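User: Please give a close account of the sheet in this model and of the helices that pack around it. I should like to know how the strands are ordered and which helix faces are buried.

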Amino acid sequence: MSTTAFPCCKDTTFKRIIRISLTFDYNNRTSQTLMIVSKDDLECIVQNAIDKLLEQRENKPEIFLTAEETAKRLKVDRSTLWRWNKEGYLVANKVGSKVRYKLSDVERIQKGELI
């Protein structure tokens with residue numbers, strides 16, 4: 001059994017997460033980890049993660065790509081982009097009369113994440 005310290009959001013004290021590793025061999029799976037966390041610590045950890053993500057997003061201005069640039073990055077045809085927009089998989093944005101795609105959405109698809 002091991003413990004990991006995390007700073008608490010509300011004060012300067014440290015609280016603990018207790019990790020208990022259980023070892024077994026079932027279909028080549030070697031271990032599982034059970035984490036016991038207080039409600040306050042879990043809220044603190046989640047809030048810190050959300051704050052970091054929001055900070056990163058606020059500091060990074062959104063970049064838009066043309067349909068040609070997007071198709072080239074994703075190695076698909078422009079008709080695929082049209083179909084993905086229709087299905088809601090990769091939503092196009094209109095800038096005036098021009099179609100643009102968010103770079104962040106394209107990067108998520110490249111990483112294999114669903115939008």
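Analyst: The account below takes the sheet first and then two helices.

The model is predicted, so local features are described only at pLDDT of at least 70 and side-chain atom pairs only at pLDDT 80 or more, while totals for chains, interfaces and linings use all residues. Residues are numbered from 1 along each chain as its sequence is written, and side-chain values use heavy atoms, with hydrogens and water left out.

Helices (H or I, at least four residues) and strands (E, at least two) are DSSP runs, numbered from the N terminus; two strands pair if DSSP finds at least two bridges between them. The sheet is open and has 3 strands in the order β4-β6-β5, with antiparallel pairing. Its edge strands are β4 and β5, each of which pairs on one side only. Neighbouring strands are turned by 50° against each other on average, direction ignored; axes here are lines fitted to C-alpha atoms, for helices over the stretch in contact, and angles run from 0 to 180 degrees between N-to-C directions. Helix α2 packs on this sheet, touching β4 and β6, and its direction makes about 90° with that of β4. Contact denotes heavy atoms within 4.5 Å.

Strand β4 (residues 64-66) is joined to β6 (residues 98-102) by 3 bridges, and F64 stands opposite K102 in β6. Strand β5 (residues 93-95) is likewise joined to β6 by 3 bridges, with V95 opposite K98. β5 and β6 form a hairpin with 2 residues between them, and G96 in the turn has a positive phi of about 70°.

In α2, the buried residues (under 20% relative accessible area, 1.4 Å probe, protein chains only; exposed is over 50%, partly exposed in between) are A67, T70, A71 and L74. They cover an arc of only 95° around the axis, which puts them on the same side of α2; the arc is that of the directions from the helix axis to the C-beta atoms. These buried residues pack against β4, α3, β6 and α4. K75, which follows α2, has a positive phi near 55°.

In helix α3 (residues 78-87), T80, L81 and W84 are buried. Seen down the axis of α3, these residues fall within an arc of 100°, so they line one face of the helix. Their cover includes α2 (67-74), β6 and α4 (103-111). On the other side of α3, W82 and K86 are exposed. G88 follows α3 and has a positive phi, near 85°.
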